[in-house]
Amino acid sequence: MKSKVFFTRKITPEKMIELYHLLGKELTGNVAVKLHSGEKGNQNFLRPDFMRPMIEEVGGTVVECNTAYGGERNTTLKHEKLIEYHGWTKLFKVDIMDAEGPDIVVDIPNGKAIKENRLGKNIANYDSMLVLSHFKGHPMGGYGGALKQLSIGCASSAGKSIIHSAGVTDDQNVVWDNVAPQDSFLEAMADAAGSVVERFGGNMAFINVMMNLSVDCDCCAIAEDPCMRDIGILASLDPVAIDQACIDLVYAATDDPGQAHFLERIESRHGIHTIEAAAELGFGSREYELIEVD
């Protein structure tokens, strides 16, 4: 059976909530909401006020992890200050999951590129997760969506280093001297994403918001302005299907003058390979039914 992906061209908080309820999956218990809170200087990340109704609908806690590169989010102290500056803590409870204490080490025996993942230890405090992704480009992965949020997004600083180096190092001080071959990096992202899906045992839902479509990620302090028109909001219980659907919608936007530039970013980084690898690992499907909602 094909995975269901609900889609609306109307980008409002109310439509986001409507699509979530169409999934027929109530996230219960202590709900983590994984999103991108934005690097300092980035103009494209989705703002707290826009996300607020959806997060309040599930009674969720915004969760993040520290980065493995220079900037304002690679230490807990700097990260907490930036999250406050961007307005997240004013509206929500926010948890930097790897702020302190030992990471959770997750074995990935059948991983394509890595055999373990490192998650911020506070992920153990949550019963379910809403992955609330801003779909856009990415300077290394080609694109960023649900699979990136599951992988790099949920990984601790050490986990991010493992993914970027395809298992060579967990040290953020040397990871950029040990960057993996591109396809190995993409496969490591798929491995890591699968480990998070397995951990929550199906108690997950995924929403991708296709607006502010820059070729650059929200992790970029200096990012290009959006090059494509906004497309819409998608929701699914399948992280592979929702990312595949977003990619297909970009390819379908043939009348958009920014399409070629956006696709160049995806294709030059072989971004589709993350989706291919995730599907081969078996925690999602590239086959889906797109259900459009007015």
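Q: What makes the meeting of the side chains of arginine 73 and glutamate 64 a salt bridge?
A: In this predicted model, the N to O separation between arginine 73 and glutamate 64 is 3.8 Å. The limit for a salt bridge is within 4 Å, so the pair qualifies at 3.8 Å. Arginine 73 and glutamate 64 are both buried. In general, side chains of opposite charge can pair when their charged atoms come close.

Q: Which residues are joined into one network by salt bridges that share partners?
A: Aspartate 170 and arginine 118 form one salt bridge, at 3.1 Å from N to O. Shared partners join Lys34, Glu39, Glu64 and Arg73 into one network. By the rule applied, the count of salt bridges is eleven.

Q: Why is glutamate 116 called partly exposed, and why is arginine 118 called buried?
A: The side chains of these two residues meet in a salt bridge at 2.9 Å, N to O. Glutamate 116 has a relative accessible area of 26%, and partly exposed covers the range between 20% and 50%, so that term applies to glutamate 116. Arginine 118 has a relative accessible area of 18%; this is under 20%, so arginine 118 is buried.

Q: Which parts does the pair of aspartate 170 and arginine 118 tie together?
A: The side chains of aspartate 170 and arginine 118 meet in a salt bridge of 3.1 Å, N to O. Aspartate 170 belongs to the loop between helix H6 (157–164) and H7, whereas arginine 118 belongs to strand E6 (residues 116–119); the pair therefore ties together parts 52 residues apart in sequence. Aspartate 170 has a relative accessible area of 34% and is partly exposed.

Q: Why is the pair of tryptophan 88 and phenylalanine 92 called tilted?
A: The count of aromatic pairs by the rule applied is three. The ring centres of tryptophan 88 and phenylalanine 92 are 6.1 Å apart, and their planes stand at 35°. The distance is within 6.5 Å, so the rings pair; the angle is neither under 30 degrees nor over 60, so the pair is tilted. Both tryptophan 88 and phenylalanine 92 are buried.

Q: Which residues do ring pairs link into a cluster?
A: The cluster consists of Phe135, Tyr143 and Phe262.

Q: What makes the charged end of arginine 47 count as sitting over the ring of phenylalanine 45?
A: The charged end of arginine 47 is 3.9 Å from the centre of the phenylalanine 45 ring. The distance limit is within 6 Å, so 3.9 Å satisfies that part of the rule.

Q: How do you know that H8 agrees with the span expected at 1.5 Å a residue?
A: The 14 residues of H8 should span 20 Å at 1.5 Å a residue, and the end C-alpha atoms are 20 Å apart, so the two values agree. Eleven of the 14 residues of H8 are buried, which leaves the helix mostly covered. Among the buried residues are Pro239, Asp243, Gln244 and Val250.

Q: Why is H7 described as largely enclosed by the rest of the structure?
A: Of the 19 residues in H7, 14 are buried, so the helix is largely enclosed. Helix H7 (residues 182–200) reaches 28 Å from its first C-alpha to its last, close to the 27 Å expected. Just after H7, glycine 201 adopts a positive phi of about 55°.

Q: Which residues touch the most other members of the largest nonpolar core?
A: The largest nonpolar core has 49 residues, and Met129, Phe135, Leu147, Leu150, Met204, Met210 and Leu234 touch the most other members. Helix H8 (residues 239–252) gives the most to this core, with eight residues. A second, separate core has 31 residues, including Tyr20, Val31, Val58 and Met211.

Q: What is leucine 150 in contact with, leaving aside its neighbours within four places in sequence?
A: The contacts of leucine 150 include Val131, Ala192, Val196, Met204, Phe206 and Pro239.

Q: Why is isoleucine 96 called buried?
A: Isoleucine 96 has a relative accessible area of 5%, which is under 20%, so the residue is buried. Isoleucine 96 lies in strand E4 (residues 94–96). Not counting residues up to four places away in sequence, isoleucine 96 touches Glu64, Cys65, Asn66, Thr76, His79, Glu80, Ile83 and Asn122.

Q: What makes histidine 273 buried?
A: The relative accessible area of histidine 273 is 11%, again under 20%, so histidine 273 is buried. Histidine 273 is in helix H10 (residues 272–281). Leaving aside neighbours within four places in sequence, histidine 273 is in contact with Asp183, Leu186 and Glu187.

How values were computed
Residues are numbered from 1 along each chain as its sequence is written. This is a predicted model: local features need pLDDT of at least 70, side-chain atom pairs count only at pLDDT 80 or more; totals for chains, interfaces and linings use all residues. Side-chain values use heavy atoms; hydrogens and water are left out. A nonpolar core is a set of buried Ala, Val, Leu, Ile, Met, Phe, Trp, Tyr and Cys residues joined through side-chain atoms within 4.5 Å. Buried means under 20% relative accessible area, exposed over 50%, partly exposed in between (1.4 Å probe, protein chains only). Helices (H or I, at least four residues) and strands (E, at least two) are DSSP runs, numbered from the N terminus. Contact means heavy atoms within 4.5 Å. The expected span of a helix is 1.5 Å times one less than its number of residues. Rings of Phe, Tyr and Trp (its six-membered ring) pair if their centres lie within 6.5 Å; planes under 30 degrees apart count as stacked, over 60 as edge-to-face and the rest as tilted. A charge sits over a ring if NZ of Lys or CZ of Arg is within 6 Å of the ring centre and within 35 degrees of the ring normal.
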